[in-house]
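Good morning, everyone, and thank you for making the time. I would like to walk through one structure with you, going from its strands to a helix and then to a pocket, so please keep the view open while I talk.

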Amino acid sequence: MIQTSVLEIPASYLFSDIGKQVAAYQASHPDKRVIRMGIGDVTRPLPRVCIDALHKATDEMASADTLRGYGPDQGYEFLRDAIARNEYQSRGATIYPDEIFVSDGAKSDSANIQELFDVDSIVGVTDPVYPVYVDSNAMAGRLGHYLNGDWTRLVTFPCTEENGFVASPPRKEVSLIYLCFPNNPTGATASASQLKAWVDYALDHRAVILYDAAYRAYITNPDIPRSIYEIEGARECAIEFGSFSKTAGFTGLRCSWTVVPKDLRIDNASLHALWARRQATKFNGTPYIVQRAAEAIYTEEGKAQVERVIGYYMENAARIRGALEALGLTASGGVNAPYVWLKCPDDQSSWAFFDRLLNEAQVIGTPGSGFGACGEGYFRLTAFGSHEDTIEAMDRLRKIL
Ligand code: PLP
């Protein structure tokens, strides 16, 4: 009755294990203040333009003349237009509003997209990886069996210090390729030539790239692509996920988008038509008021407010990376990305370093091994805290390392 692979999926212990260890530590050291540098959630308030747009849209719901019920399947045109213009066309990428599907999260869309593909498709992911791509395919029965800590039908692309945490396309045949840049957890970004190699691979092998650009707004270097569609050929082989979560603090409000270009055809089928059909059946839209709030970030005022919040987090990222490097540690990320990825000192394991930071400095990060085998020996710190906490955490690290 129950699908075997659903039974085989290992429980997701990472954040619950961290939570348990922190709770146990706090119980025995109630006088110590723990600083959380492991959070992947935002902490700054929503931009003022979003709050104003929410109030205005809410007032519209109070009158029969302006009430909005079910919205258009793909999202309101005002938002799809704003996304196409500001996220793509302004950067020279050809994406049209009717190729954009507004949704409630890059998590749900990146987990659901696999429904369009054959259960025999070979899936490839980077290691370390955002676990949603693996687990959603495992739940669909596409990854074989879970034996000795690995899925038998999953291909992984190791991301190591040697390749700067950006893998090259494999020699093996893979048909569904998940890429995420700027990367969670490593904070790595991919250059245009690195992305071109993946696009060429996908075109040669008739593979589809599923490109997660949830952290695109953190890229300030104009030479680094924010979108896979800045690469020639990507319209024929890539689907992209974007999100307002980390750009504008929408983790609690929920709004995202998925781009499925009309040029993307596999086995003579239009993936745009298939995704439209899937969404029309299973999704009933992001709330009108939330789509209005998302639209507001594309006004001049909105852009300035978003830039300020991102600048705030990036100050933390620079401070973390600078402090680690001054201590002689090997750290990457934290530039064009809100995550800093550090090599644990003295060849410590990820969990041993976690214990050390918790017990000696009362600083919490995320053990890299929780994101895949290649993450062992690494540790993730995030820039989403307050300036005060980030400064204090780095002072504490300086004292113990
Ligand atoms: N993709 C990546 C790589 C993430 O790290 C996250 C959140 O942490 C998400 C997607 C989720 O985005 P959303 O809030 O839009 O569901």
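Let me begin with strand S3, residues 123–127, where 5 of the 5 residues are buried, so that this strand is largely enclosed by the rest of the structure. I should say at once that we are looking at a predicted model, and please hear everything that follows with that in mind.

In a regular strand the side chains alternate between the two faces of the sheet. For S3 this can be followed residue by residue: Val-123, Val-125 and Asp-127 lie on one side, Gly-124 and Thr-126 lie on the other, and all of them are buried, which leaves both faces of the strand covered.

Which strands does S3 pair with? One is strand S6, residues 154–158, which runs parallel to S3 and is joined to it by 5 bridges, and another is strand S7, residues 176–180, which is also parallel to S3 and is joined to it by 3 bridges. If you centre the view on Val-125, you can pick up both pairings from a single residue, since its bridge partner in S6 is Thr-156, while in S7 it stands opposite Tyr-178.

Now please move along the chain to a second sheet, an open one of 4 strands in the order S13-S14-S17-S16, with antiparallel pairing. Its edge strands are S13, residues 331–333, and S16, each of which pairs on one side only.

Starting from the S13 edge, 3 bridges join S13 to S14 in the antiparallel sense, and Ala-331 is found opposite Leu-342 of S14. Strand S14, residues 339–343, then pairs with S17 over 5 bridges, again antiparallel, and here Lys-343 has Tyr-378 as its bridge partner in S17. On the far side of the order, S16, residues 366–367, is joined to S17 by 2 bridges and runs antiparallel to it, with Pro-367 opposite Phe-379.

Is S17 itself buried or exposed? Strand S17, residues 378–382, is mostly covered, with 5 of its 5 residues buried. Tyr-378, Arg-380 and Thr-382 are buried on one side, and Phe-379 and Leu-381 are buried on the other, so to speak of its faces is to speak of two covered ones.

Let me turn next to helix H11, which covers residues 300–326. At 1.5 Å a residue, its 27 residues should span 39 Å, and because the C-alpha atoms at its ends are 38 Å apart, the expected and computed spans agree. The helix is followed by Gly-328, whose phi is positive, near 85°.

H11 also brings us to the last topic, the second largest pocket, which has a volume of about 400 Å³. Its lining is made up of 17 residues, and those that lie nearest its centre are Ala-217, Arg-226, Lys-303, Val-306 and Glu-307.

Which helix gives the most to this lining? That is H11, with 5 residues, and helix H4, residues 77–88, likewise supplies at least two. By character, the lining residues divide into 6 nonpolar, 5 polar and 6 charged. Finally, the lining draws at least three residues from domain 1, assigned as 4–44 + 303–400, and at least three from domain 2, assigned as 51–300.

That is where I will stop, and I am happy to go back to any of these views.

Technical notes:
Residues numbered from 1 in each chain as written. Predicted model: local features only at pLDDT ≥ 70, side-chain atom pairs only at ≥ 80, totals over all residues. Heavy atoms only, no water. Expected span 1.5 Å × (residues − 1). 1 Å grid on protein atoms, 1.4 Å probe; cavity = no way out; pocket = protein on both sides within 12 Å on 5 of 7 lines; lining within 4 Å. Points joined across faces, edges and corners; volume = space filled by probe spheres on them. Nonpolar A, V, L, I, M, F, W, Y, C, P; charged D, E, K, R; others polar. Domains from an automatic or database assignment. Buried < 20%, exposed > 50% of the residue type's maximum accessible area, 1.4 Å probe, protein only. Pairing = 2+ DSSP bridges.
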